[in-house]
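Reader: I would like a close look at one part of this model, beginning with a surface site and following the account inward from there. Please state the cut-offs behind each term as you go, since I want to be able to repeat the calculation.

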Amino acid sequence: MSFSKPAFVVPAPGWLTASIMVATIMQVLDTTIANVALPHMAASLGATQSEITWVLTSYIVASAIATPLTGWTADRLGRRRVMVGAIAGFTLFSMLCGLASSLPEMVVFRIMQGVCGAMLIPMAQSLLLDINPRERIGQAMAIYGAGIMVGPIVGPTLGGYLTEVFNWRYVFLINLPVGIVALFGVLAFLPQEETRERRFDFMGFAMLAIGIGALQMMLDRGESVDWFESTEIWIYAALTVSGIWAFVIHSLGSDDPFVNLRIFADRNFAMGSLFIFVVGLTMFSGLALLPPLLQRLMGYPVIETGLVMAPRGVGTMLSMIVVGRLVSKFDPRALVMFGVLLTAWSLHLMTGFDLQMDSHPIIWTGVIQGFGLGFVFVPLSTLAFATLPQNLRGDATSMFSLIRNVGSGAGISIVTAVLSRMMVVNHESLATQITAQSPQVRDAMPLLLNHQPTFMTIADGLVTQQAAMIAYLDNFFLMLLLTLAVIPIVFLLRKPQGPVEAGPPSE
């Protein structure tokens, strides 16, 4: 079978792909690998539990602000220099995080790690799109998607193992050998391209940075300060709206904007971006909900929690292998629809969880959901970029990554808020059913009728436990509704016809 010529010809595309994916997986793992190590970090660095969360917040905010810089930086410096600098910087600051002796040091190093890591994901996607012929884009996106989606699933398991067996510093130090391998691979197999003079639109960048940074702070801090009951959240909300509004108005009137908003004039990219936002909402929300459910309500230890969740990654890997071959033979929209329905089915099954079940329902629903999400991500990425000119892919991949990450942050904040609210509502509802006339009280706990404090405490604990479980089920149902809500978007995506033309320069 003969293939069309790729947009960017490299001498060893297979080896370059391997090097790029090593760097990608390293970066994606770091978004979740440190979560389970936070209590150990707090004790070692002399920080409170509220202060140590800045280890996560600083990385997320820095990454969100730096992600849109990718397109401009790649045009100005060339993708080889950007990839080399990003991998080297990420590896260096990972090592410094592992050696940090105080919380301020750790936060500074995490900010720099987030800035470097932010460019790796969109750069990896852009390169894989360009070094492969059009006929193999689906397989390339399958490889890319495997790293993006498996990383967050494996991260907590690997982080828990490293923290328990060694100590929390190895959560960061493990990046050193991995980063060195990726760096030498990119140096050896990625040639330098011609650069393009492109003015830096400081106003556009500043407004987008303010808007996105404030949004991430609002999502991260909202739950701890009771959302819009706090002046702090109102300030973040105002900065978010005003920053993004000013960015859009400025970009539409600029001859050479920081991000070329022409990318959203392409219907597939616009609809794909909306779709990936919802995928971010549901995929990472599930990952945020399951560990506390398993550990706090069902008594699973950290490492066993990771092992129970690991098959979800197996499902994703299997689907990536399958869908990478199918995407060039079947309508990608049909594959996306199959993935959405499979994911929705897994969430429907999850609404039937209970506290007496063993690990099998968790494992099987995880495999099904991972398999379904793989069928969504790969053809969706193929469709989103299929009709875009090659010269717009730098801005497009950075915005696609940014939108997915914002969706992830929003999803985690939404399910956390819903969980807290529904636990209170469910507790009140269940407590009203415990009366002297209740058959359950007379038959199972008659001593409650004597108002003995010990039995009242036990009863309250059981009610709290059941209220929390119902709140988790409410969240799974909410995620099911969100997943079904994206089905109409599938019909708005266009099947690509033939190769994509390069199009006029975006300058």
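**From a surface patch to an enclosed helix**

Author: With a relative accessible area of 47%, Phe166 is partly exposed (buried is under 20%, exposed over 50% and partly exposed in between, with a 1.4 Å probe and protein chains only). This is a predicted model, in which local features need pLDDT of at least 70 and side-chain atom pairs count only at pLDDT 80 or more, while totals for chains, interfaces and linings use all residues. Residues are numbered from 1 along each chain as its sequence is written, and side-chain values use heavy atoms, with hydrogens and water left out.

Phe166 sits in the loop between α8 and α9 (170-173), where helices are DSSP runs of H or I with at least four residues and strands runs of E with at least two, numbered from the N terminus. On the surface, Phe166 joins Tyr161, Val165, Tyr170, Ile303 and Leu307 in a nonpolar patch whose accessible area is about 580 Å² together. Areas follow the Shrake-Rupley method with a 1.4 Å probe, and for residues only the protein chains shown count as cover. Patch members have over 30% relative accessible area and no salt bridge, with like charges joined within 9 Å and nonpolar side chains (Val, Leu, Ile, Met, Phe, Trp, Tyr) within 5 Å; a salt bridge places a Lys or Arg side-chain nitrogen within 4 Å of an Asp or Glu carboxyl oxygen. Both α8 (137-165) and α14 (302-326) supply at least two residues of this patch.

Turning to the aromatic rings, the model has 15 aromatic pairs (ring centres of Phe, Tyr and Trp, the last by its six-membered ring, within 6.5 Å; planes under 30 degrees apart are stacked, over 60 edge-to-face, the rest tilted). One of these joins Trp168 and Phe172 edge-to-face, with 6.4 Å centre to centre and 85 degrees between the planes. Trp168 counts as buried because its relative accessibility is 5%, and Phe172 is likewise buried, at 0%. Elsewhere, Trp72, Phe200, Phe205 and Phe258 make up one aromatic cluster.

Trp72 leads to helix α5, since the buried residues of α5 are Leu69, Thr70, Gly71, Trp72, Thr73, Ala74 and Asp75. Because seven of the nine residues of α5 (residues 69-77) are buried, this helix is largely enclosed by the rest of the structure. Those buried residues pack against α4, α6 (79-99), α7 (103-131), α11 (202-221) and α17 (393-431), by contacts that require heavy atoms within 4.5 Å. Following α5 comes Gly78, with a positive phi near 95 degrees.

Helix α4 (residues 54-66) contains Ser58, which is buried at a relative accessible area of 6%. The Ser58 side chain reaches the backbone oxygen of Trp54 at 2.6 Å, and beyond neighbours within four places in sequence, Ser58 is in contact with Val107, Arg110 and Ile111.

As for the setting of these parts, the protein chain has 20 helices and zero strands, and 54% of its 507 residues count as buried. Among contacts in the chain with a separation of 6 or more, 84% come from residues 24 or more positions apart. The accessible surface of the chain is about 21600 Å², and carbon and sulfur atoms hold 67% of that area.

Terms used:
A polar contact is a pair of N or O atoms within 3.5 Å; within protein, one must be able to donate a hydrogen and the other to accept it, and residues adjacent in sequence count only if both atoms are side-chain atoms.
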